[in-house]
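Me: Please take a close look at a single part of this protein, the open sheet towards the end of its chain, and then set it beside a few other places. I am in my first year, so please explain each term as you use it.

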Amino acid sequence: MAIHEYDFLHLQGSATSLILEMRANAPPIWRHWGQKLTAKAMPLANLLDQLPVPTFALDHNIAPTLFPTFGHGWYGAPALLAHRSGTQFAQDFTRCEAHWVTTDHHVIIKLVDDVAQMCVEIDVSLSPQTDVLTLQTRLTNLGETALDVQYCASACLPLPTNACKVRAYSGRHNHEFQLFEDKLSPATWSRENRRGLTSHDCPPCAVVVSDSTDMHQGPAFGLQLAWSGNHSQRIDALDDGGFQWQIAQWLAPGEVILLPGESLMAPIAMATFSNAGLNGVAHNFHAQARKHVTWPTGKMSPRPVHFNTWEGVYFDLNEQALMDMASGAASLGVERFVLDDGWFMGRRHDRAGLGDWWVDRSVFPDGLHPLCAHVTGLGMAFGLWVEPEMVNPDSEVFRAHPDWVLQLNDRPQLTARNQLVLDLSNPEVFDYLQARLVALLEEYPITYLKWDHNRDLTSAGHTETPAYRNQILNAYRLFNAVRQQFPNVEIEACAGGGGRIDAGILMHTHRFWTSDCIDAVSRLSIQRGFLQFFPPELMGSHIGTSPAHVTGRSQSLGFRAAVAMGGHLGLELDPRCLSDGDRQETRAWVGLYKSLRDTLHSGQIWLGVAGDGIIWQAHGHEADFVLMIYRVSPTAQRLPPQVQLSFLSGATDYRVKILSPSACFDASNGEFFSKLARGEAVASGQWVKEIGFPLPFMKAETALILRFSA
Ligand code: DGJ
């Protein structure tokens, strides 16, 4: 695209537009990102002509751009901090080109600074299917000396003046995705993660909303970084009352020094706008995530009912007991059996063994063959837990290669969960891990790996230089190497539960272990945070035992199962210990999940709040959806609230059926509820949209699952 004195570049999604003001000798100026505009709705004038010059200011305005730089007029947060041994600390682009890849949707913008001798290419695409804006930035050193890069933003986005609140997530191990809200103000809003992996406490994502936005309507902007390492995010106020939102990988000092001709590829940023509130943002991100997952056959298969041995037996592994568990799991309807931690050399507890990826013959005298044959003989797939990036100092591999770990000269090595981190940039380490994984996958009929990472990084050096970024890039390379050789193997991303949940690792994996906390009440908020960014079929959600191991709280099987139905269902308990009644009820829930999984895992999901301790979640399509209603806390009202399904168009009427296999209310609540229990209830779509669906009395920590069919 030849750029004249100035031009407007308009990218269109299905409900979103992005408009940049282009000049041949300057970076693109942000004019709009938000509600879709027609091709006719162009700015009234170029921005620099339309902005009055304030007092005590430069004699011409410097507008917010796609990639603002420091030191030559822009006082806001720059997208780049770089220098050459203290010189050329200021940058300003002198040339700009735009090259369409797909007209109206996908463009590559090339910016050159002839003075600072660097080039930035930004690949910008706005998906017409998902309304997700994807940005990828490559910075190249065109000079003759090294360019030390301290910061390079993956996205630098405009937010309008009615943006007023940011919704972000904090947490810890066993307590991921805890929502908090901050009001935007003239003070910079910022979050930084230096834990070396995505983290439990600061996932690289957030949503910004206006005062009037709710779950179902109003403007909402979402942003996430496809990166599993250190990262930062900031929102800065702009002179016109709007804001600038940046997301980036966080670089340790000296981590990126570009030699002449070298480039830095920043992680992909994904952003979206929706006028349909928080659910609209979730919908767009889910659609995009579904495009990114690479399934073995090119298409997601029905998500199999999963079984994981961890909370059932922890490290107490015994071949016969595992076979009995497998038989029990199969009789409950389980389709995939995953052998968790504890199967390899010396791993009788969490103080030894990591790195020695050979089957421990003291537990499995004939290797895993008898167990695999038993599991597959029962018609289940076999999955295995690994934690390739880690090593225990008490392991054969560490004793032989103490130099293989990430470490700093003259500093002690800091263990966490008794383990150290292997340096994946070391080719010997990489080859060793690849060879061990390949050997296991070749020897056994493993179709699933649960790939764990049970500590944060610290002192992550290649003895002298920082290794954080290299570690992530090489972990991705290891995932790729395994997947290329075993394309039929699915992988679950786990890091002490949800410490590595991000769009970057998702490009290599197929499921997240959402949290080590399986308490159903705790899970509700964790899962709702997850679902803001990723779709339910990727969210591992298991029925655990009662009391829950992490919290000590007890919940009925019906409630535990109903909460687990909101994601990819699994069981994580010891089937040998179930009572006959629980066995029968679990079987019924598993059967229900199988009959519903197509609806649960396709289409859209909508989250809502009915008040008085009731929250809900709907999955499917307008004409056929499953509604899960959870009473989280005891009622404080005399009468229950109604569930208003604001997401409906109101044009359709429904037959409504109860699906929950566990009794969840007393039919003496009234004639309507008896009818509902008999499957004879009908509902006007308009009524439930505008007024609501009536609820019976429900005890705290119970759930009701309904199906609405047109
Ligand atoms: C942490 C995971 O989140 C658990 O599910 C389990 O796999 C343990 N690691 C095993 O060590």
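Reply: What follows begins with the sheet and then moves to a second group of strands, to salt bridges and to two buried residues.

This is a predicted model, in which local features need pLDDT of at least 70 and side-chain atom pairs count only at pLDDT 80 or more, while totals for chains, interfaces and linings use all residues. Residues are numbered from 1 along each chain as its sequence is written, and side-chain values use heavy atoms, with hydrogens and water left out.

The open sheet has 6 strands in the order E34-E35-E36-E39-E37-E38, with antiparallel pairing. Strand E34 (604–611) and E38 stand at its edges with a single partner strand each, so one side of each has no neighbour in the sheet. On average, neighbouring strands of this sheet are turned by 25° against each other, direction ignored. The names come from DSSP runs numbered from the N terminus, where a helix (H or I) has at least four residues and a strand (E) at least two, and two strands pair if DSSP finds at least two bridges between them. In general, strands of a sheet pair through backbone hydrogen bonds, either parallel or antiparallel.

At the E38 edge, strand E37 (residues 653–658) pairs with E38 in the antiparallel sense over 4 bridges, and the partner of Arg-655 in E38 is Val-682. Val-682 belongs, with Ser-684, to the uncovered face of E38 (residues 681–684), whereas Ala-681 and Ala-683 make up the covered face. E37 is also joined by 4 bridges to strand E39 (residues 702–709), again running antiparallel, and here Lys-657 has Arg-707 of E39 as its bridge partner. Helix H11 (residues 580–600) lies across strand E35 (614–621), strand E36 (624–631) and E39, and runs at about 125° to E36. Contact here means heavy atoms within 4.5 Å, and angles run from 0 to 180 degrees between the N-to-C directions of axes, which are lines fitted to C-alpha atoms, for helices over the stretch in contact.

Another group of strands can be read in the same way. Strand E10 (residues 165–172) pairs antiparallel with strand E11 (residues 175–183) over 7 bridges, and Ser-170 has Gln-178 of E11 as its bridge partner. These two strands form a hairpin with 2 residues between them, and Asn-174 in the turn has a positive phi of about 75°. E10 also pairs antiparallel with strand E13 (residues 205–209) over 3 bridges, where Lys-165 has Val-209 as its partner.

Turning to charges, a salt bridge is a side-chain nitrogen of Lys or Arg within 4 Å of a carboxyl oxygen of Asp or Glu, and by this rule the count comes to 31. One of them joins Arg-95 to Asp-114, with the closest N and O atoms 2.7 Å apart. This pair links distant parts of the chain, 19 residues apart, since Arg-95 is in strand E5 (residues 95–102) and Asp-114 is in the loop between strand E6 (106–113) and E7. Arg-95 is partly exposed at 37% relative accessible area, and Asp-114 is partly exposed at 41%; buried means under 20%, exposed over 50%, and partly exposed in between (1.4 Å probe, protein chains only).

Which residues, by contrast, are buried? Asp-131 is one of them, and His-542 is another, with a relative accessible area of 4%.

Asp-131 lies in the loop between strand E7 (118–126) and strand E8 (132–141). Asp-131 has no salt bridge, and the nearest side chain of opposite charge, Lys-36, is 7.0 Å away; Lys and Arg count as positive, Asp and Glu as negative, and His and the chain ends are not counted. The side chain of Asp-131 does reach the backbone nitrogen of Ser-14 at 2.9 Å. Not counting residues up to four places away in sequence, Asp-131 touches a set of residues including Gly-13, Thr-16 and Phe-273.

His-542 is found in strand E32 (residues 539–543), and a polar contact of 2.8 Å joins its side chain to that of Glu-572. A polar contact is a pair of N or O atoms within 3.5 Å; within protein, one must be able to donate a hydrogen and the other to accept it, and residues adjacent in sequence count only if both atoms are side-chain atoms. With residues up to four places away in sequence not counted, His-542 touches several others, among them His-306, Trp-513 and Leu-571.
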